Amino acid sequence: LLMTKKLYDYLTGRYHPDLVPIKNSDMKLGHHEMMEDLEGLTKLLQAEGFELFILSGYRNHLDQLRIWNEKASGARVLLDDAGNKLDVNVLSDKDIVKNICRWSAIPGASRHHWGTDIDIYCKKSIPTDDYQVQLIPEEVSDEGIFGKLHLKIDELISEHKSFHFFRPYEEDLGGVSPERWHLSYAPISRELIK
């Protein structure tokens with residue numbers, strides 16, 4: 001299959017024609033089709049006492065490049081496999097790249113470029129007003145501050161056949177670390193991954 005420049009630009013975050021604002025957020029999605037399912041998920045979670053909040057949605061190439069460069073320079077936290085903070089000043093360039101790739105895609109290779117993927121947490125679970133959400137394994141483990149949210153989402157994913165979100169980084173396959181906070185909209189993202 002020959003890839004057109006337009007499709008290449010779309011998949012790599014350089015072009016997205018119709019971004020959709022997410023209610024009560026400054027984030028956007030890439031597809032109107034997702035909104036109904038996202039609102040349905042939000043309502044199901046609200047009924048269980050959770051307040052779903054999207055920390056990250058659509059990200060263009062430059063957004064991903066900024067994240068990458070901030071981690072490489074130490075301006076943004078760089079984590080090891082377990083979610084522990086690393087000091088970029090004592091790491092080799094190879095180790096910096098390896099550790100960035102465990103948590104962040106190379107610019108042009110992020111699923112967030114497609115507008116189908118979101119990073120989430122429960123706003124009601126934040127312990128203090130000055131708490132900074134980090135989206136690290138400790139926060140989303142079953143015992144973590146967002147653990148109950150993710151246990152409920154696991155339940156919803158397994159119970160509702162019409163539920164169209166899934167966890168693309170559920171297992172550690174040696175590339176990206178497991179990201180329990182990362183959901184993807186299956187009807188579109190599964191086609192794009194091809």
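**Exercise 1. Determine how many helices and strands the protein chain contains, and assess its compactness.**

Solution. Step 1: the protein chain holds seven helices and eight strands, where helices (H or I, at least four residues) and strands (E, at least two) are DSSP runs numbered from the N terminus. The structure is a predicted model, in which local features need pLDDT of at least 70, side-chain atom pairs count only at pLDDT 80 or more, and totals for chains, interfaces and linings use all residues. Residues are numbered from 1 along each chain as its sequence is written, and side-chain values use heavy atoms, with hydrogens and water left out.

Step 2: the radius of gyration, taken over C-alpha atoms, is 17 Å for the protein chain, close to the 16 Å that the globule rule gives for 194 residues, so the chain is as compact as a globular protein of that length. The rule is 2.2 Å times the number of residues to the power 0.38.

Step 3: the C-alpha trace spans about 50 × 45 × 30 Å along its principal axes.

**Exercise 2. Characterise the salt bridge between Lys5 and Asp9.**

Solution. Step 1: a salt bridge requires a side-chain nitrogen of Lys or Arg within 4 Å of a carboxyl oxygen of Asp or Glu. For Lys5 and Asp9, the N to O distance is 2.8 Å.

Step 2: both residues lie in helix H1 (residues 5-11), and because they are four residues apart there, about one helical turn separates them.

Step 3: accessibility is classed as buried under 20% relative accessible area, exposed over 50%, and partly exposed in between (1.4 Å probe, protein chains only). Lys5 is exposed at 61%, whereas Asp9 is buried at 13%.

**Exercise 3. Locate the partners of the salt bridge between Glu39 and Lys23, and classify their exposure.**

Solution. Step 1: the closest N and O atoms of Glu39 and Lys23 are 3.2 Å apart.

Step 2: this pair links distant parts of the chain, with Glu39 in helix H2 (residues 32-47) and Lys23 in the loop between strand S1 (20-21) and strand S2 (28-29), 16 residues apart.

Step 3: Glu39 counts as partly exposed at 29% relative accessibility, and Lys23 is exposed at 60%.

**Exercise 4. State whether Arg111 and Asp117 are buried or exposed, and place their pairing among the salt bridges of the structure.**

Solution. Step 1: Arg111 and Asp117 form a salt bridge with closest N and O atoms 2.9 Å apart.

Step 2: Arg111 is buried at 10% relative accessibility, and Asp117 is buried at 0%.

Step 3: the whole structure contains 14 salt bridges. Asp142, Asp154, Arg167 and Arg180 are linked in a network of such bridges.
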